[in-house]
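Let's take a friendly walk through this model, starting with one helix and ending in an empty space beside it.

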Amino acid sequence: MRAFDACCRRENALPIIDGHAAFSIAPDDDGHSARREMTTTSHWTASDGTQLHYRYDDFTDPWQEAPLVVLLHPGLGSSLRLFGWVPHLARRYRVLRPDIRGHGKSQPGPDDTLTHDRLALDLIELLDHFGVRRAHVMGSSAGGMVAGRT
């Protein structure tokens, strides 16, 4: 908890409070103030029709482009397991934390088969969904094995 406190007391760092999304007020394209969600959760559909869940944390300055970091959790976990990294990364990077299929809030898929190749394809499709060509990908245990295949 000490590292989290130190990070969030840093100038301009905004915490996630009681599990609710933090937000900032930033000008929109017309120069008007607009609320920008800094932590969002959503689902997307993989090529085999499976609904997969992700969490997206963006505490970067909205007027600057920031690289994307993808954090892949170990087996029998979820994207929540990697929350401790968010305060350390989300001021400089956009952080994407997917729930791999069959874990967290993601569906298992039509045949319930988990292979590293299918999980790597899910990651590539998620990056396509976000419209990014490059990202830093890090994983823990099984997540690391998936990261190595992309």
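Which elements cover the buried residues of α3? Among them are β3 (39-45), β4, β5 (68-72), β6 (94-98), β7 (136-139) and α4 (142-148). Please keep in mind that this is a predicted model, in which local features need pLDDT of at least 70 and side-chain atom pairs count only at pLDDT 80 or more, while totals for chains, interfaces and linings use all residues. Residues are numbered from 1 along each chain as its sequence is written, and side-chain values use heavy atoms, leaving out hydrogens and water.

Now to α3 itself, which has 15 residues and reaches 21 Å from first to last C-alpha, close to the 21 Å expected at 1.5 Å a residue (the expected span is 1.5 Å times one less than the number of residues). Helices here are DSSP runs of H or I with at least four residues, and strands are runs of E with at least two, numbered from the N terminus. The buried residues of α3 (under 20% relative accessible area, 1.4 Å probe, protein chains only) include Arg118, Leu119, Asp122 and Leu123. Just after the helix, glycine 131 takes a positive phi of about 70°.

Next, look for the largest cavity (points on a 1 Å grid over the protein atoms alone where a 1.4 Å probe fits but cannot get out; lining residues have an atom within 4 Å of a point). Pro98, Ile100, Leu119, Asp122 and Leu123 lie nearest its centre, among 13 lining residues. With 4 residues, α3 gives the most to this lining.

Terms used: On a 1 Å grid over the protein atoms alone, a cavity is a set of points where a 1.4 Å probe fits but cannot get out, and a pocket is an open set with protein on both sides within 12 Å along at least five of seven lines; lining residues have an atom within 4 Å of a point. Buried means under 20% relative accessible area, exposed over 50%, partly exposed in between (1.4 Å probe, protein chains only). Contact means heavy atoms within 4.5 Å.
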